[in-house]
Amino acid sequence: MSDRPADIRIHDFLEVDCGLSSEEAIAEANRCLQCKKPACVDGCPVNIDIPAFIAHIAAGEFKSAAESIKTQNMLPAICGRVCPQETQCEILCILGNKDTPIRIGQLERFAADEERRQGMVPPVRKPSTGKKVAVVGSGPAGITAAGELAREGHHVVMFESLHCPGGVLTYGIPAFRLPKDVVTAELDQVLTLGVEVRLNHVVGRSVPIDELLAYDAVLLGTGAGLPYFMGIEGEHLNGVYSANEFLTRVNLMHADSFPAYDTPIARCSRVVVVGGGNVAMDAARTARRMGATVTLLYRRRKDDLPARMAEVHHAEEEGIEFICCANPTRILGDSVVTGIECIRMQMCDLDESGRPSAKPVEGDTFVLDCDVVIQAIGQGPNPLLVREIDGLERGRAGNVIADENGLTANPKIFAAGDVTTGAATVILAMGGAKKAAQSIHELLSASSR
C-alpha cells in the first residue's frame, strides 16, 4: 500500500491510503490459489464470492470484478476501506499459513474504484410487488436493507433523522479514511433502485408510530449513536466531548471550517482522547489535523488495543502519543478543561474478551495538561424510538432483541445492525441487514400468494 506522507496528510482530510495501481492489483490477484473450498468466503459476513471477483481482476476485467462483488455487497468501495478484513476473510486465506494472505480488502476497493472511474453500472430492479417497506436509519444496515428490498421490487422509504444520509459512514468515519464522495456514489446506486429517502424525519416525533406501522413491514437500522461516559468528576466542563459529538461536528457539520460553516468546536492545542478502539483513533487523528497535540490514554497494554493495527500505525506516524496502562480519574478545571488526572493500571487475569482486566495501582497518579478531553469508550443504541414501539423487547444495553434473521417480538418489525448488537463493524451491520431483508422479502412474498 502507498500511504501519503504523514507530515503532509496531518494538514488535510484527504485519503491517507492511495490504494493499488492496476499493475499491483493484477499481480496481487494472481497470487490467489482459487481454492475449490475457499475459506475466505466463510469469513465474509455478506458472503461475497471472493475467488470469483479476484479472478476477474487477474484477467484485467475490473468492471466485471465490481459487478461480481455487487451481487452480494452494494457498498464495495466503502467495505474495501473500512472493514477489518484482516480478522475476517483474510485471516482464513490459506496463503497466510506460510506467506502474506491475499489483500482482499485492497482488491475489493480497487475493483469498486475502477468501476466508479469507468462509469458505474446501475443495479437491476425486479418488477414492482406493490409492497411498501419502511427502513428507519440510513447507515450501513439501513442502506443495505433498502437496496436488497428494492432489488426485489418492493417500494422502500428510508427515514433519516439528520440532514444527510449515510449514518456513521457520513458523521462518524473521517474523510481521510472514507472519502465522502465514495459514500455518495454508492448511496446513489441504491437510490437508483427507487428508494425514497426522507431526511430530517425523526420517527416517533415528526413521523408518528402509527404512520410507520402502516407499512407492510418495518426495518429498524438506527445504529448505536448514544455515547457512553465514564461518570467521573469534571465531565460537565467546557471542552469535554464524546467522540460521537466531536466527530459529528467535524465530519457532518464541518466545524473544522468554522466560521464558514455555522457549527463551532473548541479550538484546542492539547487534546487527550480516552479509549483504544477505531473511534478513538478517528477522534485523535481528526484532532491532530485541527492542529492539536494529541495524547491517547488506554487502560490496558498497547498489544490489547482493539483498534485495527493499520489505524494505530497511522496514528503513531501522525505524531499521536500513546499512554497505555493508565485511566482517567477526574477532569480538572473551573468552567473549562485545564487538565486530566490519571492513575496507572496493572494487568490482572484475562477477562471474557481474552484481554487482561485492568486494576488501578493505588497512589500512582499523574496529571496531563490539556484543554479538550474526548471520551471514546463506546456507544450503544438510542432507546428513544425503541421505547415508543409496543411489543419490542430490549436487552440490558438498550439494544433491540431480534433473532438471527432480524425478526423482533413484533411480527411486522425487523431490526439489524448496531441497534441489535451494540456498536460493531460496518460489515457485520450489513450482514445482519441482508438476512433481515431476506426475511422481510419472504414475509411479503408469502402474503401475496
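**Burial, strand pairing and backbone geometry in a predicted chain**

At a relative accessibility of 18%, D113 counts as buried, because buried means under 20% relative accessible area. The model in which this value was computed is a predicted one. D113 is placed in helix 7, which covers residues 104-118. When residues up to four places away in sequence are not counted, D113 touches A77 and R81.

The chain as a whole was then described. The secondary structure comes to 17 helices and 15 strands. The radius of gyration is 22 Å, which agrees with the value near 22 Å that a compact globule of 449 residues would have. Taken along the principal axes, the box filled by the C-alpha atoms is roughly 70 × 55 × 50 Å. Of the 449 residues, 53% count as buried. Among contacts with a separation of 6 or more, 69% are accounted for by residues 24 or more positions apart. The accessible surface comes to about 19600 Å², and 51% of this area belongs to carbon and sulfur atoms. The chain has 44 positive and 58 negative side chains, and the centres of these two sets lie 3 Å apart.

Strand 13, residues 372-375, has two neighbours described here. With strand 6 (residues 240-242), strand 13 pairs in the parallel sense over 3 bridges, and V240 has V373 as its bridge partner in strand 13. Strand 7 (residues 270-274) also runs parallel to strand 13, and 4 bridges join the two. In this pairing V274 stands opposite Q375. In a regular strand the side chains alternate between the two faces of the sheet. In strand 13, V372 and I374 point one way while V373 and Q375 point the other way, and all are buried.

Strand 7 is mostly covered, with 4 of its 5 residues buried. Besides its pairing with strand 13, strand 7 is joined by 5 bridges to strand 8 (residues 293-298), and these two strands run parallel. The bridge partner of V273 in strand 8 is L296.

A further set of pairings involves strand 4, residues 217-220. A217 and L219 point one way from this strand, V218 and L220 point the other way, and all are buried. Strand 1 (residues 132-136) runs parallel to strand 4 and is joined to it by 4 bridges, with V135 standing opposite L219. Strand 15 (residues 413-415) is likewise parallel to strand 4, and the two are joined by 3 bridges. Here L219 stands opposite F414. L219 thus has V135 opposite in strand 1 and F414 opposite in strand 15.

Helix 12 spans residues 243-251, and A243, F246, L247, T248, V250 and N251 in this helix are buried. An α-helix has 3.6 residues a turn, so residues three or four places apart point the same way. The cover over the buried residues of helix 12 includes helix 9 (168-171), strand 6, helix 13 (278-289) and strand 13. Strands 6 and 13, both part of this cover, are also paired with each other in the parallel sense.

The loop between helix 12 and strand 7 holds P259. A cis peptide bond joins F258 and P259, with omega at about 10°. Most residues other than glycine have a negative phi, and most peptide bonds are trans. Two residues that are not glycine, Q34 and N200, were found with a positive phi. For Q34 the phi is about 50°, and the residue is placed in the loop between helix 2 (22-29) and helix 3. Q34 is partly exposed, with a relative accessible area of 36%. For N200 the phi is about 55°, and this residue lies in the loop between strand 3 (196-198) and helix 11 (209-213).

P45 is located in the loop between helix 3 (39-42) and helix 4 (50-58). Its relative accessible area is 23%, and P45 is therefore partly exposed. Leaving aside neighbours within four places in sequence, P45 is in contact with Q88, I427, L428 and G431. The C-alpha atoms of P45 and C89 are 8.9 Å apart in space, and the two residues are 44 residues apart in sequence.

Terms used. Residues numbered from 1 in each chain as written. Predicted model: local features only at pLDDT ≥ 70, side-chain atom pairs only at ≥ 80, totals over all residues. Heavy atoms only, no water. Buried < 20%, exposed > 50% of the residue type's maximum accessible area, 1.4 Å probe, protein only. Pairing = 2+ DSSP bridges. Rg over C-alpha atoms; globule rule 2.2 N^0.38 Å. Contact = heavy atoms within 4.5 Å. Areas by Shrake-Rupley, 256 points an atom, 1.4 Å probe, with all protein chains shown as cover. Lys, Arg positive; Asp, Glu negative; His and termini not counted. Charge placed at Lys NZ, Arg CZ, Asp CG, Glu CD.
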